[in-house]
Amino acid sequence: MARKRKLVRRLVAGAVVLVGLGVGLNYLRHQTEGLKNAFSPEYWEKRAIGEDEYVPRTAYFRRGPRDRKEVTLTLDDGPHGQCTTDELAILKAEKVPATFFVVGKKMREYPGLIKQMVAEGQEVGNHTETHPRLDTVTLEAAQKEIEDCGKDFEKITGRRMTLFRPPGMHENDPILAVAKNLGYHTVGWNVAAADFTPSKKDKGVTAEMLESLKATPDQISDRITAHVIPGAIILLHDQPITAQALPKIIKTLREEGYTFVSCREALSHIDHPVALEADPLLPTKVAAKRDNLAVSPVHR
């Protein structure tokens, strides 16, 4: 009987150790965005010098600060008409800043929405002209994709973009160098909802994959809120189901004590702060604005 009790105690102790180890590994995975990072000397070296947040060499913004309970909200691939209108209304009502990474050909389709984003203080970033995977085209073609999207924005708003996200985050050092040389900070992400619908023509996409990506607004919200940590850059996509999920995402994260900040604000809060003016006026527009604000002489 004593031997049986001893065996039970050992089994219980072993189970407690295993549970504790599992909880510890899960926490470590959560804090380092993957166990691969947790056991990577290269990751910890980058983290020690702040390059897990921002890489100056490539102007790559990876995440916000860990010591502030802040998150940055980004929405890709728009604008798309009514769902973008709904998202802007929600963001305005909730006083939440966001960054819309927009596609040039969609901007030309909905220029009014781009003007509204700027007028309401939302950041607008470059997501290329036609949304190709940039690492599958020539470097010259990749540069033209970025330049053409920027030109569309300038024509619509009289401003220039300073933030860039490659479609699907398909990038490499030459592409990042091109973006930096064009005056962009590349913005990554570390929390996503899998709220996009790939084209059936995309390589490797099966009917099962398409089915698995279908989700309700609650599921999209839960996918985000379950994985958010301080400094997270949240990736959402500009589409109706996501617009429906947005209020719950905002409400839940606020209840958990999170504050929403723009990319510009997050960059100013990291260990090695980066100063950024999002979507500044073009020089000619700055001069015109200054002239319009000049005080007229008083006529007596």
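## Strands around β9

Strand β8 (residues 191-192) pairs with β9 through two bridges, and the two run in the parallel sense. This is a predicted model. Within that pairing, Ala192 stands opposite Leu235 in β9.

β9 has another partner. Strand β3 pairs with β9 over six bridges, again in the parallel sense. Here Thr72 is the residue opposite Ile233 in β9.

How many of the six residues of strand β9 are buried? Six of the six are, so β9 (residues 232-237) is largely enclosed by the rest of the structure. Both faces are covered. Ala232, Ile234 and Leu236 lie on one side. Ile233, Leu235 and His237 lie on the other. In a regular strand, side chains alternate between the two faces of the sheet.

## The β4 and β5 pair

Strand β4 (residues 99-102) is joined to β5 by four bridges. The two strands run parallel. Phe101 stands opposite Gly125 in β5.

Strand β5 covers residues 123-126. Glu123 and Gly125 point one way, while Val124 and Asn126 point the other way. All of them are buried.

## Helix α8 and its surroundings

Helix α8 runs over residues 173-181. Which of its residues are buried? They are Ile175, Leu176, Val178 and Ala179. Seen down the axis of α8, these buried residues fall within an arc of 155°, so they line one face of the helix. Their cover includes β2, α7, β6 (163-164) and β7 (185-187).

Both ends of the helix deserve a look. Asn172 caps the N-terminal end of α8. A side-chain oxygen of Asn172 lies 3.0 Å from the backbone nitrogen of Ile175. After α8 comes Gly183, with a positive phi near 95°.

## Salt bridges

The count of salt bridges comes to 13. One of them joins Arg66 to Asp52, with the closest N and O atoms 2.3 Å apart. Arg66 sits in the loop between β2 (60-61) and β3 (70-78), and Asp52 in the loop between α3 (41-48) and β1 (54-55), so the pair ties together parts that are 14 residues apart in sequence. The two partners differ in accessibility. Arg66 has 24% relative accessibility and counts as partly exposed. Asp52 has 9% and counts as buried. The cut-off for buried is under 20%, so Asp52 falls below it and Arg66 does not.

Other bridges lie within a helix. Lys144 and Asp148 meet in a salt bridge of 2.6 Å, N to O. Both lie in helix α7 (residues 139-157), four residues apart, about one turn of the helix. Lys144 is partly exposed, with a relative accessible area of 47%. Asp148 is buried, with 19%. Lys251 and Glu255 form a salt bridge too, at 2.6 Å from N to O. They are four residues apart in helix α11 (residues 240-255), which means about one helical turn separates them. Both Lys251 and Glu255 are exposed. Elsewhere, Arg108, Glu129 and Asp152 are joined into one network by salt bridges that share partners.

## Backbone exceptions

Most residues other than glycine have a negative phi, and most peptide bonds are trans. Some places in this model depart from that pattern. What is the peptide bond from Gly78 to Pro79, cis or trans? The bond is cis, with omega near 0°. Pro79 lies in the loop between β3 and α4 (82-94).

Thr128 is not a glycine, yet its phi is positive, near 75°. Where does Thr128 lie? Thr128 is in the loop between β5 and α7. Thr128 is buried, with a relative accessible area of 0%. Met169 is not a glycine either, and its phi is positive, about 55°. Met169 belongs to the loop between β6 and α8. Its relative accessible area is 18%, and Met169 is buried. Under 20% counts as buried, which means that Met169 at 18% meets the cut-off.

Conventions:
Residues are numbered from 1 along each chain as its sequence is written. This is a predicted model: local features need pLDDT of at least 70, side-chain atom pairs count only at pLDDT 80 or more; totals for chains, interfaces and linings use all residues. Side-chain values use heavy atoms; hydrogens and water are left out. A salt bridge is a side-chain nitrogen of Lys or Arg within 4 Å of a carboxyl oxygen of Asp or Glu. Buried means under 20% relative accessible area, exposed over 50%, partly exposed in between (1.4 Å probe, protein chains only). Two strands pair if DSSP finds at least two bridges between them. The arc is that of the directions from the helix axis to the C-beta atoms. Contact means heavy atoms within 4.5 Å. A polar contact is a pair of N or O atoms within 3.5 Å; within protein, one must be able to donate a hydrogen and the other to accept it, and residues adjacent in sequence count only if both atoms are side-chain atoms.
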